[in-house]
Amino acid sequence: MSQLRGGPMPDTVRRRLLSCLAVVALIAAPRTAAAADPVLLTVVDTATGTRVELTRARMDALAQHVIATTTDFTEGTAEFRGPLATDILAAAGAGGAREVKLVAANDYSVTVPADDFRAYGVVMATEMNGKRLSLRDRGPVWVMYPLDDFPELRRPHYIDRLIWQLVRVEAR
């Protein structure tokens, strides 16, 4: 015992300690990597049961598009940047969907015809005005239509589709 208190550590104790640390490092590494790139959006193809989890890196790897528009929820014109909704569906193997159910973190949901995505170039925004969206500022994903480009999008049923804190897309 006196060796451990003030003297050098015995080799057997040192080896066991290093082995334990190595195991802890291996166990902790995947969690650290997952925490660094969390899942932002889950896309489910209800016809096939396929489920795809899109991380920030995976969403950033898709072609990025910008919609500059005014909304009832922002001041002035804001720039929303992210992948097209059609690209999200295609990445999840659900490009042929006829409609999608969009679900927010608070369980608010709305069902949207997938033709909207094709007709209006809807963006799944992960940034607004050059800043990443977080849960505090309607992120991490905010569905954005180009409201200023199409007057018909100012109708209430389209405004209801500007779902923020989007966490799940169910393609049908």
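Okay, let's start with what a pocket is: on a 1 Å grid over the protein atoms alone, a pocket is an open set of points where a 1.4 Å probe fits, with protein on both sides within 12 Å along at least five of seven lines, and its lining residues have an atom within 4 Å of a point. For the volume, grid points are joined across faces, edges and corners, and we take the space filled by probe spheres set on those points.

Quick housekeeping. This is a predicted model, where local features need pLDDT of at least 70, side-chain atom pairs count only at pLDDT 80 or more, and totals for chains, interfaces and linings use all residues. Residues are numbered from 1 along each chain as its sequence is written, and side-chain values use heavy atoms, with hydrogens and water left out.

So, the largest pocket here comes out at about 160 Å³. Its lining includes Phe-73, Tyr-108, Asp-160 and Trp-164. By type, the lining has 7 nonpolar residues (Ala, Val, Leu, Ile, Met, Phe, Trp, Tyr, Cys and Pro), 2 polar and 1 charged (Asp, Glu, Lys and Arg are charged, the others, Gly among them, polar).

Now hang on to Phe-73 and Trp-164. The structure holds 7 aromatic pairs, meaning rings of Phe, Tyr or Trp (its six-membered ring) with centres within 6.5 Å; planes under 30 degrees apart are stacked, over 60 edge-to-face, the rest tilted. Why do we call Phe-73 and Trp-164 edge-to-face? Because their planes sit at 75 degrees, with the ring centres 4.8 Å apart. Phe-73 is in the loop between strands E3 and E4 and Trp-164 in the loop between helix H6 and strand E11, so this pair ties together parts 91 residues apart in sequence. (Helices, H or I, at least four residues, and strands, E, at least two, are DSSP runs numbered from the N terminus.)

Are these two buried or exposed? Neither, really: Phe-73 is partly exposed at 27% relative accessible area, and Trp-164 is partly exposed at 29%. Buried means under 20%, exposed over 50%, partly exposed in between, with a 1.4 Å probe and protein chains only.

Trp-164 has another partner: its ring and that of Trp-142 have centres 5.6 Å apart and planes at 80 degrees, so that's edge-to-face too. Trp-142, in strand E10, is 22 residues away in the chain, and at 0% it counts as buried. Add Phe-80, and Phe-73, Trp-142 and Trp-164 join it in one aromatic cluster.

Last bit: the charged end of Arg-138 sits over the ring of Trp-164, 4.7 Å from its centre. That label needs NZ of Lys or CZ of Arg within 6 Å of the ring centre and within 35 degrees of the ring normal.
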